[in-house]
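Q: I have a sequence and a model in front of me. How should I go about reading the fold?

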Amino acid sequence: MRRKKANESTPLLFSELPFQTYEEVILHPAFRRKTVVLLGAHGVGRRTLRRSLVQSRPDLFANTVSHTTRKPEPYEIDGVHFYFVQKEEMASDILNKEFLEYGTRKNILFGTRLDSVRKVMSSGRLPVLDVEPKALRILRSAEFAPFVIFIAPPCLSLLIRDSMHETMNSALAKLNKESEIMEYVYRPYIDKVVVHQNVDDSIQEIIDFITETQESKQWVPISWVF
């Protein structure tokens, strides 16, 4: 058994994290994780990777179905595309902490209910979640035991080399900087860093890591085991 903690030189942002930065861990044989979390800066490609991951291995991975208070389109099926609910019902469930995360767009609520995550888990597959880092407060628990995979952009020089537009270069520099900060801050919780250059290679790297790790000894929080 050993203890794992954040680097003492970590910026002040670490003190704002809503979960422990110091925990006991234990080496456990063939520990089975229960969810996959894709962490990364906005614009790095997490959503595309999530969809591709599920499409490539539907036997192993699945998406959760989100809830929303908007009206369904004619082609949409309740429980397949979204769960369509009343605003009062969803607001009540949010207050009761039944949502992993949620947001509002044009006065319409969207969110991922914890039961949607549990439903995928009960099917024997791993829910793939591209969530904000604060969702780790809930997910880093014995119930959800996540693989946390950080999606990083290629090095800035390669990004700029492939872009000739000044505005695009500025956006890429911002993406690179945000990624560096996020990776540094959340490093104690990250199981794998994938430098995302193309979808096929990134997907294969994630699949290889998960399938190999599931069958290997792992250092995991002791609270996940006992």
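The dialogue below goes from the whole chain to its cores and then to single residues.

A: Keep in mind that this is a predicted model. Start with the inventory of the chain: seven helices and 12 strands.

Q: How much of the chain is buried?

A: Of the 226 residues in the chain, 44% are buried. The chain exposes about 13,000 Å², and carbon and sulfur atoms supply 51% of that area.

Q: What share of the contacts joins residues 24 or more positions apart?

A: Counting contacts with a separation of 6 or more, 69% are between residues 24 or more positions apart.

Q: Where do I look for a nonpolar core, and which residues have the most contacts inside the largest one?

A: The general idea comes first. In soluble globular proteins, nonpolar side chains tend to be buried together. Here the largest nonpolar core has 21 residues, and those with the most contacts inside it are Val36, Leu38, Phe61, Ile149, Ile151, Ile206 and Ile210. At least two residues of this core come from each of strand E3 (35-39), H1, strand E9 (126-129), strand E10 (146-152) and H7. H7 gives the most, with five residues.

Q: Which residues does Ile210 contact, leaving aside its neighbours within four places in sequence?

A: Ile210 is in contact with Val36, Phe61, Leu126, Phe147 and Ile149. There is also a second, separate core of 19 residues, which includes Val37, Phe144, Met182 and Tyr186.

Q: How do helix H1 and helix H7 cross?

A: For a helix pair, look at the distance between the axes, the angle and the hand. The axes of helix H1 (residues 46-56) and helix H7 (residues 199-214) come within 10 Å and cross at roughly 65°. The crossing is right-handed. On the H1 side the contact uses Thr48, Leu49, Ser52, Leu53 and Ser56, and on the H7 side Val199, Ser202, Ile203, Ile206 and Ile207. Sorted by type, the residues of this contact are six nonpolar, four polar and no charged.

Q: Is Phe147 buried or exposed?

A: Phe147 lies in strand E10. Phe147 counts as buried because its relative accessible area is 0%, and the cut-off for buried is under 20%. Leaving out residues up to four places away in sequence, Phe147 touches Arg33, Thr35, Val36, Val37, Asp191, Phe209, Ile210, Thr213 and Gln214. Phe147 and Lys34 are 113 residues apart in sequence, yet their C-alpha atoms are 7.8 Å apart in space.

Q: And a polar residue: is Thr112 buried or exposed?

A: Thr112 is in strand E8. Thr112 counts as buried because its relative accessibility is 11%. Not counting residues up to four places away in sequence, Thr112 touches Thr64, Ser66, Phe99, Leu100, Glu101 and Val117.

Q: What is the phi of Lys97, and what is the phi of Lys106?

A: When checking backbone angles, note the sign of phi and whether the residue is glycine. Phi of Lys97 is near 60°, a positive value in a residue other than glycine. Phi of Lys106 is near 55°, also positive and also in a residue other than glycine.

Q: Where are these lysines placed: Lys97 and Lys106?

A: Lys97 is in the loop between helix H2 (87-95) and strand E7 (99-105). Lys106 is in the loop between E7 and strand E8 (108-113). Lys97 is exposed, with a relative accessible area of 69%, and Lys106 is exposed too, at 79%.

How values were computed:
Residues are numbered from 1 along each chain as its sequence is written. This is a predicted model: local features need pLDDT of at least 70, side-chain atom pairs count only at pLDDT 80 or more; totals for chains, interfaces and linings use all residues. Side-chain values use heavy atoms; hydrogens and water are left out. Axes are lines fitted to C-alpha atoms, for helices over the stretch in contact, and angles run from 0 to 180 degrees between N-to-C directions. Helices (H or I, at least four residues) and strands (E, at least two) are DSSP runs, numbered from the N terminus. A crossing is left-handed if the near helix is turned anticlockwise from the far one by less than a right angle, and right-handed if clockwise. Contact means heavy atoms within 4.5 Å. Ala, Val, Leu, Ile, Met, Phe, Trp, Tyr, Cys and Pro count as nonpolar, Asp, Glu, Lys and Arg as charged, and the others, Gly among them, as polar. Buried means under 20% relative accessible area, exposed over 50%, partly exposed in between (1.4 Å probe, protein chains only). Accessible areas come from the Shrake-Rupley method with a 1.4 Å probe; for residues, only the protein chains shown count as cover. A nonpolar core is a set of buried Ala, Val, Leu, Ile, Met, Phe, Trp, Tyr and Cys residues joined through side-chain atoms within 4.5 Å.
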